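Subject: The structure, and what turned up in it

Hi,

Here is the structure I promised to pass on. Please have it open while you read, and I will walk you through the helix packing and the pockets.

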Amino acid sequence: MPTKDTGAKESHKKHAVDLFNLTWDLLDKQDRTADEDDKMVHAAHASRFHWGEIGTPLEFERGEWQISRVYAVVNRPEAALHHARRCLEICQANDIGDFDVAFAYEAMARAHAVAGDVAKSKKYIALGEQASVQIEDKDNREYFDGELKSVSDLLA
């Protein structure tokens with residue numbers, strides 16, 4: 001029989017995963033309403049909260065990345081930049097590399113692009129390109145490269 005502590009951890013994990021996935025579903029939705037944009041923002045923050053209770057730095061930085069993406073999509077650059085910085089800081093403080101640090105650079109590039117700072121966006125695109133070489137899994141690298149290209153497309 002699980003202890004209360006185990007039950008709480010399982011509950012936090014279930015909520016974190018479900019809310020993360022809900023956020024992705026809303027990100028992928030073509031014609032979101034304003035209410036769905038709000039729901040997406042709240043779901044991303046709620047997922048990160050639950051990971052904050054039971055997760056590791058890996059889940060923390062991925063949650064920060066997702067929040068940054070959500071804010072970039074809803075055109076709120078200040079919040080996108082804040083969470084992109086947190087994502088990158090967590091990666092750097094915990095020696096998280098590969099796919100995750102590459103996406104931290106992508107988040108920084110995207111947030112700066114949304115903010116209209118082309119020079120800083122290009123700086124982080126370049127850092128993302130350098131980090132992409134270190135992504136071991138070919139499919140992950142190709143996916144990342146496509147996402148980074150979508151940032152470059154924002155600048156065009």
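Below are the notes on helix pairs first and pockets second. One thing to keep in mind is that this is a predicted model.

**Helices α3 and α4**

Let's start with helix α3, residues 57-73, and helix α4, residues 77-93. Their axes lie 8 Å apart, and the two helices pack at an angle of about 160 degrees. That makes α3 roughly antiparallel to α4, since angles over 145 degrees count as roughly antiparallel. The crossing of α3 past α4 is left-handed. If you want to find the contact on screen, α3 brings Pro57, Phe60, Glu61, Glu64, Trp65, Ile67, Ser68, Tyr71 and Ala72. From α4 come Ala79, Ala80, His83, Ala84, Arg86, Cys87, Ile90 and Cys91. Sorted by class, the residues of this contact are 12 nonpolar, two polar and three charged.

**Helices α4 and α5**

Helix α4 also packs with α5, which spans 98-115. The angle between α4 and α5 is about 160 degrees, with 8 Å between their axes, and that makes the pair roughly antiparallel. α4 passes α5 in a left-handed crossing. On the α4 side, the contact includes Pro77, Leu81, Arg85, Leu88 and Gln92. Ala80, Ala84, Cys87 and Cys91 of α4 take part in this contact, and they are also listed in the contact with α3. Among the α5 partners are Asp100, Val101, Tyr105, Met108, His112 and Val114. Here the residues divide into 15 nonpolar, two polar and two charged.

**Helices α6 and α7**

Further along the chain, helix α6 covers residues 118-132 and α7 covers 138-155. The axes of α6 and α7 come within 11 Å and cross at roughly 165 degrees; the two helices are therefore roughly antiparallel to each other. α6 passes α7 in a left-handed crossing. Val118, Ser121, Lys122, Ile125, Gly128, Glu129 and Ser132 of α6 meet Arg141, Phe144, Asp145, Leu148, Val151, Ser152 and Leu155 of α7. By class, this contact has six nonpolar, four polar and four charged residues.

**The largest pocket**

Now for the pockets. The largest pocket has a volume of about 360 Å³ and a lining of 15 residues. Which of them lie nearest its centre? They are Phe20, Trp24, Arg62, Trp65 and Phe99. Trp65 is also one of the α3 residues in the contact with α4. α1 (4-28), α3 and α5 each give two or more residues to the lining, and α3 provides the largest share, six residues. The lining is made up of nine nonpolar, two polar and four charged residues.

**The second largest pocket**

The second largest pocket holds about 160 Å³ of space. Its lining consists of Trp24, Leu27, Asp28, Arg69, Ala72, Val73, Arg110, Val114, Tyr143 and Leu154. You will recognise Trp24, which is among the residues nearest the centre of the largest pocket, and Val114, which is part of the α4 and α5 contact. At least two lining residues come from each of α1, α3, α5 and α7. Seven residues of this lining are nonpolar, none is polar and three are charged.

Happy to go through any of this together.

Best wishes

Methods:
Residues numbered from 1 in each chain as written. Predicted model: local features only at pLDDT ≥ 70, side-chain atom pairs only at ≥ 80, totals over all residues. Heavy atoms only, no water. Axes fitted to C-alpha atoms, helices over the stretch in contact; angles between N-to-C directions. Helix = DSSP H or I, 4+ residues; strand = E, 2+ residues; numbered from the N terminus. Parallel < 35°, antiparallel > 145°, perpendicular 65-115°, else oblique. Left-handed = near helix turned anticlockwise from the far one by under 90°. Contact = heavy atoms within 4.5 Å. Nonpolar A, V, L, I, M, F, W, Y, C, P; charged D, E, K, R; others polar. 1 Å grid on protein atoms, 1.4 Å probe; cavity = no way out; pocket = protein on both sides within 12 Å on 5 of 7 lines; lining within 4 Å. Points joined across faces, edges and corners; volume = space filled by probe spheres on them.
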